[in-house]
Amino acid sequence: MTDLIAPATTAGALLAPVLEPVAMAGLRLSTRFVMAPMTRSQSPGGVPTPAVAGYYRRRAEHGVGLIITEGVLVDHPSAGHEDAVPRMTPGPAEDGWRHVVDEVHSVGGRIAAQLWHLGSLREPVDGLAAWSPSAVPEPGRPAGHAMSLTDADTILTAYADAARVAARAGFDAIEIHAAHGYLLDEFLWPRTNRRTDRYGGSTAGRARFPAEVVRAVRAAVPADMPLIVRFSQFKERDFDARIADSPAELATILEAFTDAGATVLHASQRRFWQPVFPGSPLNLAGWAKQITGLPAITVGGVGLTRDFLEPGRANSLTGLVQRLAAGEFDLVALGRILLGNPDWVTLAAEDRIDGIEDYRKEHEHTFA
Ligand SMILES: Cc1cc2nc3c(=O)[nH]c(=O)nc-3n(C[C@H](O)[C@H](O)[C@H](O)COP(=O)(O)O)c2cc1C
């Protein structure tokens, strides 16, 4: 006999703690699995179609407790350029979203709208230069437009308006996209924020505009609506970038979000198993929860291949589940694996591993 707990040998047993219902900032979820936001460009004219509703419904009916939509543009020409990226605007887009929400609710799912402004990553089409905090020149890209204080107020209003539309359409929660090098993250990142006014300078100054967006959205939606902020160290154009070099800097940023009304933090990493600061095994979600006490979502490489049951691997879910069970973070987001496997959670929960397809790049170009 041994007093060691035997490692879980089946996926269902391993994932049991993630498959439990949970209350997230007051919102009841059927499992702790979250669908990570993924841009799909399937909404011509910015209006989500019935196919978009079916796409999200399928993930919700297969055990994803919370869907987070793809990035949805706030209503300002600087927010984004692509016609088929959805928008959060009154009229047809709002009606399209209401249908998406109703479909997800009809199978017991919950859904958050991710609000997005591309910042300097917007292509300079339609005669409009890309808006960003400081218009820092990027190799190979035309000069952008450094936002004035009036521009900042305009964008704050655009976020609040979009949040109001989302609440009216029936969304259960809002997620503010402040990650990956888009507009709000450009304020957080020293390389792209060279401002000397109230929105720049110190870490606190760099966090001020994103926090004001959080506050504006908080004021625009019902007081009990969960408000998630997604943030990251890495940028799409620089995987080694950082917004915080120390836990103290991270605390300055996250406490600004919390004071402004954020109730959930979504800590985006490319690989969930990687620690963030020397001397601690905590990942970014772990730090977010430790600093703020708010519920935290982890993400990054979860379940991408069927070898996730093997305990010795970096991407093994054994360690992830133990850390969740120990309270390091609360929810687990799945991204790319859900593109090719809308039913991944059901298949894993029922130990039908042979029915799962490993993630392949071409899944990103499918829409089913
Ligand atoms: C095709 C695709 C589109 C994405 N679009 C978004 C997006 O709109 N907003 C966002 O915050 N992250 C976006 N991401 C990042 C994902 O949400 C997620 O963090 C990333 O894929 C890592 O998780 P995974 O390893 O489980 O896929 C996207 C990722 C992919 C692959």
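**View 1. Q114 makes a side-chain contact with the ligand.** In this predicted model, a polar side-chain atom of Q114 lies 2.9 Å from an oxygen atom of the ligand.

**View 2. R230 also reaches the ligand through its side chain.** Here a polar side-chain atom of R230 and an oxygen atom of the ligand are 2.7 Å apart. R230 is also listed among the closest residues around the ligand.

**View 3. G71 meets the ligand through its backbone.** A polar backbone atom of G71 is 3.2 Å from an oxygen atom of the ligand. Taken alone, the ligand exposes 610 Å². The protein buries 86% of that area.

**View 4. A shell of 16 residues surrounds the ligand.** The closest are P37, T39, R230, G301 and R336. By class, the shell holds five nonpolar, eight polar and three charged residues. The ligand sits in the largest pocket.

**View 5. An annotated domain spans residues 19–352.** UniProt lists this range, in an unreviewed entry, as "domain: NADH:flavin oxidoreductase/NADH oxidase N-terminal". Over residues 19–352 the chain is 34% helix and 17% strand. The C-alpha atoms at the two ends of this range are 15 Å apart.

Terms used
Residues numbered from 1 in each chain as written. Predicted model: local features only at pLDDT ≥ 70, side-chain atom pairs only at ≥ 80, totals over all residues. Heavy atoms only, no water. UniProt positions renumbered as here; feature names shortened; annotations may be inferred. Helix = DSSP H or I, 4+ residues; strand = E, 2+ residues; numbered from the N terminus. Near = heavy atom within 4 Å. Polar contact = N/O pair within 3.5 Å; in protein donor to acceptor, adjacent residues only side chain to side chain. Areas by Shrake-Rupley, 256 points an atom, 1.4 Å probe, with all protein chains shown as cover. 1 Å grid on protein atoms, 1.4 Å probe; cavity = no way out; pocket = protein on both sides within 12 Å on 5 of 7 lines; lining within 4 Å. Sits in = over half its atoms within 2 Å of the grid points. Nonpolar A, V, L, I, M, F, W, Y, C, P; charged D, E, K, R; others polar.
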